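Opened the notebook to jot down what I looked up in this model. Entries are in the order I checked things.

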Amino acid sequence: MDTDDKTIGRLFSRREALATAAKTGLVLVAGSGMQRLTLAGQSKPHIHIVVSPEFTEGPFFVDEKLNRSDLVAGATRPSVVNGLPLLLSLEVYKLVGDSHQPLRDAHIDVWHADAARVYSDESNPMNHEDTGRQTWLRGYQATDARGSAQFKTIFPGWYSGRAPHIHFKVRTYSTPNKATAEFTSQLFFRDADAIRIYAADAYSSRGGHDTSNSNDGVFNDFQVDGKPAGSLMLLDLAKNGAGYKAHFAILLDDSNLHGGRLRRP
C-alpha cells in the first residue's frame, strides 16, 4: 500500500502568505514554516490557521454520507476500539477580501486507517482486507456558526510507504444533494508522537512505522518556496484523558470558493 496519492492544486508562496497575514490580522508562527498562520490574539496555543495545500483524496474515499462525530461508535473490531483515542477539532475559515470568516454549513468528511493499517468499506486489494459494508473511522460533520466540527476517532495506523495521516474533505452545498465546491487534503503527525504512540499495545505488534515524514512522498511534495507542503498540515497533540486531542484550522481564500483549490466537483 504505497501509492496513496499525489499533490494537486496551487500552493501559496512565502510572499503570498505574508500578504495574507498583513491583510487579515493573521500572524505567522515563528519556527513553523512561513505559511503557517495563527489568529492574532488567539488564546488557544494549539490552533493554527493555514493557507492550505491540497492533496488528492487517495484510493480509499467512500462517500458514505454518515453524519456523525463519533467515528468509533458501534465498532467491535479490536484494531478500532483498542486504538488510542483522538479528539480532532477542525475549523474552516474563508478569506474574503481583507477579512477571514468562518465557513458555516460546510461538510467535513474524515477517514483514515485503523490500528492494523486497514480502511473500512474497501475491497481494493491495496487494503489488505475486504472490509465491505463496514463503516468505522468514517463520517462527516457540518460546520457550525464558528466554522467548527469535532470528531471522536483514534490515532491512525501506519502502512508501508506512507507516514501516518488523516484524510479530510471540505464540501459546500447549494441544496442537500448538490455539492458546489470541495477541498481535499491530509493531516500529518510529528514523528516523535508517532514513535511514542506506535509503542502502545494496540499498535506495537506491527513495530514502528517504516516511513517518517521526511521520507513520505506526499508530505514532501514541495511548495513554490521549496518547503515541504506537509509541514503546513502537522497536528499538535495534547493529552486528553487516556488519549489525545488536536485542534486545527484551515484557511481557504476567496478564489478557492469559486473554483480554485476549493474546486467545483
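My entries on the core, a strand pair and one glutamate follow.

Setup: this is a predicted model, so I keep in mind that local features need pLDDT of at least 70, side-chain atom pairs count only at pLDDT 80 or more, and totals for chains, interfaces and linings use all residues. Residues are numbered from 1 along each chain as its sequence is written, and side-chain values use heavy atoms, with hydrogens and water left out.

Entry 1, the core. I looked up the largest nonpolar core (buried Ala, Val, Leu, Ile, Met, Phe, Trp, Tyr and Cys residues joined through side-chain atoms within 4.5 Å) and found 47 residues. Ile108, Phe168 and Leu187 have the most contacts inside it. Elements giving two or more residues to this core include β6, β8 (107–111) and β11 (165–175); helices and strands are DSSP runs, helices H or I of at least four residues and strands E of at least two, numbered from the N terminus. The most comes from β15, with five residues. I also noted another core apart from this one, of six residues, among them Phe60 and Trp111.

Entry 2, strand β9. Four of the five residues in β9 (residues 138–142) are buried (under 20% relative accessible area, 1.4 Å probe, protein chains only), so the rest of the structure largely encloses this strand. β8 and β9 run antiparallel, joined by five bridges (pairing takes at least two DSSP bridges). I see Asp109 bridged to Tyr140 of β9.

Entry 3, Glu91. I found Glu91 in β6 (residues 85–96). Glu91 counts as buried because its relative accessibility is 10%.

Conventions. Buried means under 20% relative accessible area, exposed over 50%, partly exposed in between (1.4 Å probe, protein chains only).
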